[in-house]
Amino acid sequence: MQKRSTSTIIDSHFAQIWQQRWIVETEKRSNSRARVWHTPWALRPLTLYEGLPRHQATALFLLRTEVLGINAWLSKVLPDYDSACFCGPQPQTLGHLITFCLATTEARLKLIERTGSSDIRGLLDEQEKAKHAARWLLDTGALAQFRVAVEVEEENMEGWEALAGLHVVST
Ligand SMILES: [Zn+2]
């Protein structure tokens, strides 16, 4: 929840300053493809994350900023890191994963089925579509840090009981 002052005059003054700073920063980054730098001022980005489990919200944030730990990005920041995708020698870029990657076809089809589009950057400004974009990134399996979260999601918890083993011992 955003905290605001109780004065609308102070609020509007600082909102104006923040908006001017935002305009300057977005102009500096106008060549960036990351959606975050092309977000209209009127859009409140926090609303995009509402109701999402933490790992999906994080995936959405990574997609919007394109500070993504996929291989092409990692190869730019880590010496001797191989940029190749897990499907072959092509660099694992966001464009590759959403367009050409043979290993992520199923995730791509699910995304298209849910949103009617595979234009990943075009899906990141609407709450309903953005959550599917985040889901797509998780479904690709390209980000190792989310694999456990996805496994936990998929685990069948039916019949699970806390400390079940102790019941067996005590009977
Ligand atoms: Zn690939």
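**A walk through an all-helix chain, starting at Arg 135**

Let's begin with one residue: Arg 135 lies in helix 7. Is Arg 135 buried or exposed? With 20 other C-beta atoms within 10 Å, Arg 135 is buried, because 20 or more such neighbors is what counts as buried. Arg 135 also shows how a chain can fold back on itself: Ala 57 is 78 residues away from Arg 135 in sequence, yet their C-alpha atoms are 9.5 Å apart in space.

Now step back to the whole chain. Keep in mind that this is a predicted model. The average pLDDT of the protein chain is 88, and 88% of the residues score at least 70. Confidence varies from element to element: helix 6 has the highest mean pLDDT, 96, while helix 9, residues 164-170, has the lowest, 60.

What is the protein chain built from? It has nine helices and zero strands, so if you read along the sequence you meet the pattern α-α-α-α-α-α-α-α-α. Of the 171 residues in the protein chain, 23% are buried. Among contacts with a separation of 6 or more, 46% join residues 24 or more positions apart.

Let's return to helix 7 and look at its meeting with helix 3. Two packed helices are described by the angle between their axes and the distance between those axes. Here, the axes of helix 3 and helix 7 come within 8 Å and cross at roughly 95 degrees. Angles of 65 to 115 degrees count as roughly perpendicular, and therefore helix 3 is roughly perpendicular to helix 7.

Which residues of helix 3 take part in this meeting? They are His 55, Gln 56, Ala 59, Leu 60 and Leu 63. From helix 7 come Ala 130, Lys 131, Ala 133, Ala 134, Arg 135, Leu 137 and Leu 138, so our starting residue is part of the contact. By class, the contact has eight nonpolar, two polar and two charged residues.

Several of these names return in the largest nonpolar core, which has 26 residues. Those with the most contacts inside the core are Ala 59, Leu 60, Leu 63, Ala 130, Ala 133, Ala 134 and Leu 137. Helix 3 (54-65), helix 5 (94-99), helix 6 (105-115) and helix 7 (127-140) each supply at least two residues of this core. The largest share, six residues, comes from helix 7.

For a close-up, try Ala 130. Leaving aside residues up to four places away in sequence, Ala 130 touches Leu 48, Leu 60, Leu 123 and Leu 124.

Conventions
Residues are numbered from 1 along each chain as its sequence is written. This is a predicted model: local features need pLDDT of at least 70, side-chain atom pairs count only at pLDDT 80 or more; totals for chains, interfaces and linings use all residues. A nonpolar core is a set of buried Ala, Val, Leu, Ile, Met, Phe, Trp, Tyr and Cys residues joined through C-beta atoms within 7 Å. A residue is buried if 20 or more other C-beta atoms lie within 10 Å of its own, exposed if 12 or fewer, and partly exposed in between; C-beta atoms are placed from the backbone. Helices (H or I, at least four residues) and strands (E, at least two) are DSSP runs, numbered from the N terminus. Two residues are in contact if their C-beta atoms, placed from the backbone, lie within 7 Å. pLDDT is the predictor's confidence in each residue, from 0 to 100. Axes are lines fitted to C-alpha atoms, for helices over the stretch in contact, and angles run from 0 to 180 degrees between N-to-C directions. Angles under 35 degrees count as roughly parallel, over 145 as roughly antiparallel, 65 to 115 as roughly perpendicular and the rest as oblique. Ala, Val, Leu, Ile, Met, Phe, Trp, Tyr, Cys and Pro count as nonpolar, Asp, Glu, Lys and Arg as charged, and the others, Gly among them, as polar.
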